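Here's a quick tour to read alongside the sequence and the structure. Keep the viewer open and follow along.

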Amino acid sequence: MLITITVPGQRDQNRTKPGSKPSTKLNYTMRILLPLLLLLSFSLSAQRPPGAGGYGKPAGPSIKGSIKGEVIDAANGAAVEYATIVLLSADGTKQITGTVSEAGGSFKLSDIPTGKYQMKVSFIGYEEKTLTEVETTPKNPDLDLEKIELGSDAVLLEGVEVTAKKALIENRIDKLIYNADQDATNQGGDASDVLRKVPLLSVDLEGNVSLRGSQNLQILINGRPSTIFASSIADALKSIPSDQIKSVEVITTPGAKYDGEGSGGIINIITKRKEAQGFTGTVNSSIGNLQNNGGLNLNALFGRFGLNGGMNSFWSWKRDAENEFLRTDLLNGSPIRELSQGGVSKSGVLGLNGNLGAFYDFNAYNSINFSGRYNQFRRTNEGTTSGLLNNLTSGELINFSRFNDGLSSNSGFDGTLDYRKTFPDQKDRELVFAFQLSGQNTLTENEVDQTGDIERYQRDLINENDGLNLEYTGQVDYVHPVNDKLKIETGVKAVLRRIDSDYFTRVRENDGAEFETDTRLTDLFQYDQDVTAAYLSANIGLGDNWGVQAGARYERTTIGGEFVSENPEFNNEYNNFLPSIIVNRKLNQFSNLKASYTQRIQRPSLSFINPFTAIADPNTLQLGNPDLEPELVDQYEITYNTYVKGIVINASIYLRRTSDLIEPFLNLAEDGISSTTTFLNIGESDTYGTNVFTTFKLWKKVQLRFNVNYGRYNGTGLVGGERLERSANLLSGNAGGSYSLNDKISFDFFAFGRAARQNLQGSNPAFSLFGIGGKYQISERTSLGFRIIEPLAANKVFESDLAGPTFRQVSSFTIPFRSVGLSFSHKFGQIDFKAQNRSSRVKNDDQKEGQGNQQF
């Protein structure tokens, strides 16, 4: 595959005229690798480890070593994960460094000067343990404390059971975490299957993700944005196997440090990236009647240097889908024309993703980290449709049929380089420099062969869009703890986006004619968007029970666009000052109450603005709108969390007010036959609602969870002098549970449901899902699993209903859905893994995604 780019601020002047497919691409291999290599060489040359004269200090013969150990439960010997390990001076008055225990309870402190120390080890539910004689010497600089036993704190744990297994749901003050690797039903699926099980989220058949009814979300991978989500979130999620997802974080109220967009919230998908001393690997595969996947992941850690990478694939067998469509045209409320069509199509998908990461710790306080990711998704579709156009006033009947052959392909990459500096005198003080280069290449091809009673249904066409999206991101973040009660966070950021959409349409009037270029549907669209931002945020502790996080973010957006044809250029710019505040009240040791307000903007992403007209069906067209303005959103929320005798409860109420609301809008064309759907700043909306989530354990072996979201949508708009109003209920929820027969055999189930998605013109399909799964741990290294989706329903039907003053449109889509699959996983090499937090600070959470024109 050849991907080409245009350098920021410079456009290719050697453009061809409309009427032929422009050739504006340059081989970008050198242009991508060169800035990365320059940045890498600069970072490596700028940082030198201690003892090499770095940081203005002369080289010296000082010896440094390491201290490691394993934290276990004194009663049963189980590993204690996330225990806090603090290394103190010999008299115990000064904190030297610290860490937390990883998977398996292991920990390691590196670059420790030889000498005498104390060590404190603690974790909730256990008595703190102090080791008073911890010593390393020049002769033996590396110390192994072996097993450190923690005894249970009987008073604290009255009525609460603590086990070595990580909870499936973690409810933290700033986010909710779903630990996907603890759910057996996630074997053999993809990322959209995983997100359907996350509290607060819903995912429809097409892969559109919403949080409490809002699709104004930003999806991150390991804390980083990715251009793979710019054109089609559904395709991107399909290309990520569920076996590779460790956890999903949901942030409902992003603070000032996050980009101004993603007004509905942020979803951060954390993939499995385990590291262990030496060489390790994992092989995963699954096979089923509908979908399959396979993958290989390798990891190596040698002292301060680590390297990891992998390749995973997803593919489905081709399957038939049935579709039916009926549109009734109205005049003064009375039907005058009916367009009906239906048929069978066959589709198949292939997904591929790879990742590569590397890091080097210069010392305990300076490190450099590189991460790269490549994704590709390819969908093929072919089928035959038959239809009838019935003119009810004249009685004229027009028959037609068409054959479609379509291809949609998306491929993208992300490359991120971070330099991170911490400070020995202050634990939470941190300075990070980050640079990211992201790109996406998309290709959409449609071939339509028609036959019919009139000329428009004898016309054949070829329709293609070749798109390129490139993003450059640079940012600096600084965290400064002033004292135990005050922490300041500040930073600056710049994002440069360069987008090309090269599209053409060729038409022939009948089978005996030659294809000719339709100049109205052929052009080269170039779009630039530059965002610069700065933020300041403070975390303030008020006494023992109150906490405040307050901040503000300033963003400036500059937009420019042009067509190669005679269409005029356009420019736009706007400034936004975005405040946010979160107030938290600790009610007792396990309960807290949080109130928050945030103002956000929601810029339309590339799939919303792309002017390419997709013509898979000449009767129903869809195109983007480059003139869209951003949405402005005010969100208010109150959340209560508690943990009582093993029962977790999270309840919230919220209000979200949106101006310059972006929604799809359907119009009938002048020919009275076809319809066009585009995107408009249609009006404003208020959405208020509540969410309740709970999880608890029964009989020590059964874990259950339930989540319900209810909202009320109230929208108003004005289009072409026509006033639109609509109110509707938004309802979604999920439930799940697990049962552990013993330490080798476990079972899980989940159920998901979402009512029809609403907008000012009507509703899109509702969606529900049920599945069960199981896992058998053959050995510490090898496991087998199974999963069954929709065991009681072989097919699912999805219906939509849209209406306006001049039309009523209903459609249905039926697809095979019952899925049965087996999975296999095997680890090889060293298996004493320890996860490390090396996520990038780059988070481009600033664009509206989801429903857009998914052709770019």
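Which residue in S3 is the bridge partner of Thr84? It's Val100. Bear in mind as you click around that this is a predicted model. The protein has 856 residues, and 53% of them are buried.

**The S2/S3 hairpin**
- Thr84 and Val100 are bridge partners in a pairing between strand S2 (residues 84-89) and strand S3 (residues 95-100).
- The two strands run in the antiparallel sense, and five bridges link them.
- Five residues sit between the strands of this hairpin, and Gly92 takes a positive phi near 80°.

**The overall build**
- Strands make up most of the element list: there are 46 strands and four helices.
- Take the contacts between residues at least 6 apart in sequence: 67% of them join residues at least 24 apart.
- The accessible surface adds up to about 36,300 Å², and carbon and sulfur atoms account for 55% of that.

**The nonpolar cores**
- As background, nonpolar side chains in soluble globular proteins tend to be buried together.
- In this model, the largest nonpolar core holds 22 residues, and Leu195, Val209, Ile245 and Ile267 have the most contacts inside it.
- Both helices and strands feed this core: helix H2 (191-195) and helix H3 (233-238) each give two or more residues, and so do strands S10 (201-203), S11 (209-211), S12 (217-221), S13 (245-251) and S14 (265-271).
- Another core lies apart from that one; it has 17 residues, including Ile67, Val80, Ala83 and Leu150.
- Zoom in on Ile245 and, leaving out residues up to four places away in sequence, you'll find it touching Ala180, Asp181, Ala191, Val194, Ile240, Ile269, Ile270, Thr271 and Lys272.

**A nonpolar patch on the outside**
- Ile287, Trp315, Trp317, Leu350 and Leu822 form a nonpolar patch on the surface, with about 510 Å² of accessible area together.
- Ile287 belongs to strand S16 (residues 278-288).
- Is Ile287 buried or exposed? It counts as exposed, because its relative accessibility is 52% and the cut-off for exposed is over 50%.

**A buried arginine**
- Arg705 is part of strand S35 (residues 702-719).
- With a relative accessibility of 4%, Arg705 counts as buried, since the cut-off for that label is under 20%.
- Thr694 is eleven residues from Arg705 in sequence, and their C-alpha atoms are 5.6 Å apart in space.

Conventions:
Residues numbered from 1 in each chain as written. Predicted model: local features only at pLDDT ≥ 70, side-chain atom pairs only at ≥ 80, totals over all residues. Heavy atoms only, no water. Patch = residues over 30% accessible without salt bridge, like charges linked within 9 Å, V, L, I, M, F, W, Y side chains within 5 Å. Areas by Shrake-Rupley, 256 points an atom, 1.4 Å probe, with all protein chains shown as cover. Salt bridge = Lys/Arg side-chain N within 4 Å of Asp/Glu carboxyl O. Buried < 20%, exposed > 50% of the residue type's maximum accessible area, 1.4 Å probe, protein only. Core = buried A, V, L, I, M, F, W, Y, C linked by side-chain atoms within 4.5 Å. Contact = heavy atoms within 4.5 Å. Pairing = 2+ DSSP bridges.
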